[in-house]
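Biologist: I am new to this structure. Please take me through the reasoning behind the terms you use.

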There are 2 protein chains.
Amino acid sequence: MAVYTHLGAEDLAQLIAHYDVGRLLSFKGIAEGVSNSNWLLETTQGRFILTMYERRIETDDLPFFLGLLDHLSAANCPVPRTIHDCDGAAYRMVDGKAVALIEFLPGLSPSTPTEAQARSVGAALGQMHRAAQDYPNTRNSTLEPQDTLEILDQCGTDALAGIDPALPDILPIGARIVADWPEHLPGSIIHSDLFPDNVLMLGDEVTGMIDFYFAATGAMAYDLAVTHAAWCFDDTGEACDPALGAALIAGYESLRPLSDEERAALPLLAQGACLRFIASRAQDWLETPEDALVRRKDPMDFLRRLEFYRANGQSAFA
Amino acid sequence: MAVYTHLGAEDLAQLIAHYDVGRLLSFKGIAEGVSNSNWLLETTQGRFILTMYERRIETDDLPFFLGLLDHLSAANCPVPRTIHDCDGAAYRMVDGKAVALIEFLPGLSPSTPTEAQARSVGAALGQMHRAAQDYPNTRNSTLEPQDTLEILDQCGTDALAGIDPALPDILPIGARIVADWPEHLPGSIIHSDLFPDNVLMLGDEVTGMIDFYFAATGAMAYDLAVTHAAWCFDDTGEACDPALGAALIAGYESLRPLSDEERAALPLLAQGACLRFIASRAQDWLETPEDALVRRKDPMDFLRRLEFYRANGQSAFA
């Protein structure tokens with residue numbers, strides 16, 4: 001979480017002149033985003049988030065991500081609109097890096113969500129899945145269970161055991177998840193990363209779903225399972241709050257009822273979600289020096305969740 | 001520049017409840033401050049900066065700093081007010097760390113200031129010096145030339161030469177600055193660090209002077225000399241823009257004319273200012289690993305400024 005690039009007031013004023021957003025009054029670099037830099041801007045016409053994409057590879061996907069925000073926003077989903085420049089472009093290049101201007105939305109990310117909040121988040125996710133079904137663009141996920149299992153295989157048993165002696169257990173478990181993975185569940189564009197950090201709320205109302213940079217074509221029930229794993233446990237994954245999970249699913253079904261097949265698949269989908277976060281955390285752990293300023297997130301937090309889903313099956317979602 | 005501490009929405013809402021500022025609508029960690037964490041908050045009553053002081057030592061000085069903001073703000077200087085809690089306290093403790101709530105001010109820090117902007121900054125500094133003269137508290141500076149020369153002595157000739165072969169020249173130059181340092185110039189509370197980063201402007205108007213954490217009792221003309229060294233050169237210190245300097249001093253004198261003695265002292269005071277930034281940058285350079293993510297600032301940028309002031313004497317300020 002950092003601002004990787006220095007943008008001066010004059011650089012920014014020059015950039016903003018390409019948009020019909022009024023005159024710049026304030027800008028602050030904000031500590032959000034892992035692979036991009038973000039600033040909160042205020043102009044005479046409102047507030048905006050300016051994002052600079054620091055990794056070259058993301059630029060190719062920007063039309064998909066930024067167009068999705070416009071599509072969902074037009075369908076009244078609580079997501080920020082993309083502000084297009086005076087030529088209609090969704091992003092511009094500054095010093096070889098893509099930048100996009102996005103609507104600022106108020107709200108706070110809950111760290112200890114209530115049932116009412118979980119219900120609202122479920123409903124917002126269901127609304128988003130429905131609205132995204134007629135989004136004309138597609139994007140392949142690179143986070144299917146097979147992909148994430150490969151990441152863990154590349155880490156290797158010894159390195160995984162170095163993080164925690166129990167962590168290599170994930171390799172055979174992951175192989176079973178991949179083998180049993182359901183195909184042909186109803187699809188849409190899915191958020192894929194709807195952690196509380198990526199949801200803004202005022203009271204019980206969702207005012208914003210943000211950070212769609214993992215969005216891809218995928219199974220809607222998988223997105224719900226990701227959200228369940230992200231919202232319904234304490235940080236360490238030791239305690240699941242079933243009431244939160246029930247509220248999340250009830251909220252979701254108020255907008256989009258699950259089919260029997262989707263409901264039956266939830267335990268495995270949730271295990272697949274955990275597999276993915278175990279893989280990304282293990283990879284980050286091994287790539288981050290022990291003495292780095294960044295706090296490494298423990299992959300075991302999601303191995304505990306995975307074990308919960310394996311042990312409880314369908315009753316985890318009752 | 002970072003946010004060192006995680007504050008959740010619930011933690012923050014709990015903290016804000018101790019202040020009469022309304023209900024929280026948004027908060028973002030902002031990438032400002034070196035030894036503290038900062039958040040931009042929006043409530044139903046306005047916007048505020050929340051600062052958490054990460055270093056224990058600063059807490060003892062907080063009443064001085066926060067009271068100064070109130071004093072200057074009451075005198076219509078463009079500085080943010082301290083927001084006191086419902087018990088009247090200027091700061092509170094959270095998890096053993098002091099936090100303070102400060103008024104948010106609009107404006108942008110110019111990276112290539114104009115003459116009109118330099119004039120306004122000079123006037124704002126003069127206004128501040130006058131307003132601070134009846135501030136009842138004092139604080140000893142730890143950044144007198146003698147102190148900063150000691151820092152360079154502790155670095156040692158070899159280490160300084162490792163940064164740049166010409167850098168050890170600063171030791172005998174610094175000794176002469178210390179020997180000739182003028183005493184008994186008219187004093188007040190001085191900002192001591194009024195770089196463009198610490199000034200917010202809208203057009204040619206100063207909307208905010210911020211970051212008073214080096215403020216101390218000191219010679220007003222020294223503060224003007226610091227500001228001259230900070231505003232009137234390009235980044236590397238190779239080119240001085242005399243018109244910017246003239247505008248800065250004219251603006252200052254429009255509020256507070258310099259005495260003959262102060263004017264005569266400016267060349268040496270400016271060299272003392274450069275000595276200080278050479279010392280702090282050399283120390284940071286030697287303490288920051290070469291491969292750190294933080295960009296190290298080159299002490300030579302201020303050795304070049306110092307040479308300019310030595311070579312040009314009084315004409316640097318004409």
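**The contact between the chains**

Modeller: Bear in mind that this is a predicted model. Across the interface of chain B and chain A, the rule finds two salt bridges.

Biologist: What makes E42(A) and R47(B) a salt bridge?

Modeller: The closest N and O atoms of E42(A) and R47(B) are 2.8 Å apart. The rule asks for a side-chain nitrogen of Lys or Arg within 4 Å of a carboxyl oxygen of Asp or Glu, so the pair qualifies. Polar contacts also cross the interface of chain B and chain A, where nine residue pairs are found.

Biologist: Which elements of chain B supply at least two residues each to the side that touches chain A?

Modeller: They are α1 (9-16), β1 (24-30), β2 (36-43) and β8 (199-202) of chain B. β1(B) gives the most, with seven residues. By class, that side of chain B has 14 nonpolar, seven polar and five charged residues.

Biologist: How many residues does each chain bring to the contact?

Modeller: Chain B brings 26 residues and chain A brings 26 residues. The area buried between them is about 2,300 Å², and carbon and sulfur atoms give 55% of that. In chain B, the residues that lose the most area to chain A are E10(B), K28(B) and L108(B), together 26% of what that side buries.

Biologist: Why are the two copies said to be related as by a two-fold rotation axis?

Modeller: Chain B superposes on chain A by a rotation of 180 degrees, with 0.1 Å of shift along the axis and an RMSD of 0.0 Å. The two copies are therefore related as by a two-fold rotation axis. In chain B, the C-alpha nearest the axis belongs to I30(B), at 2.1 Å. The same surface serves both copies, as 100% of the contact residues of chain B recur in chain A.

Biologist: Why is the pair Y53(A) and Y213(A) called edge-to-face?

Modeller: The ring centres of Y53(A) and Y213(A) are 5.5 Å apart and the planes stand at 70 degrees. Centres within 6.5 Å make a pair and planes over 60 degrees apart count as edge-to-face, so the name applies. Over all chains, the count comes to 24 aromatic pairs.

Biologist: What does the pair Y53(A) and Y213(A) tie together?

Modeller: Y53(A) lies in strand β3 (residues 46-53) of chain A, and Y213(A) in the loop between β9 (205-209) and β10 (216-219) of chain A, so the pair ties together parts 160 residues apart in sequence.

Note on methods. Residues are numbered from 1 along each chain as its sequence is written. Chains are lettered from A and ligands numbered from 1 in the order in which they are written. This is a predicted model: local features need pLDDT of at least 70, side-chain atom pairs count only at pLDDT 80 or more; totals for chains, interfaces and linings use all residues. Side-chain values use heavy atoms; hydrogens and water are left out. Contact means heavy atoms within 4.5 Å. Buried area is the accessible area (1.4 Å probe) that two parts lose on being put together, summed over both. A polar contact is a pair of N or O atoms within 3.5 Å; within protein, one must be able to donate a hydrogen and the other to accept it, and residues adjacent in sequence count only if both atoms are side-chain atoms. Helices (H or I, at least four residues) and strands (E, at least two) are DSSP runs, numbered from the N terminus. Ala, Val, Leu, Ile, Met, Phe, Trp, Tyr, Cys and Pro count as nonpolar, Asp, Glu, Lys and Arg as charged, and the others, Gly among them, as polar. Copies are superposed by least squares on the C-alpha atoms of residues with pLDDT of at least 70 in both. Rings of Phe, Tyr and Trp (its six-membered ring) pair if their centres lie within 6.5 Å; planes under 30 degrees apart count as stacked, over 60 as edge-to-face and the rest as tilted.
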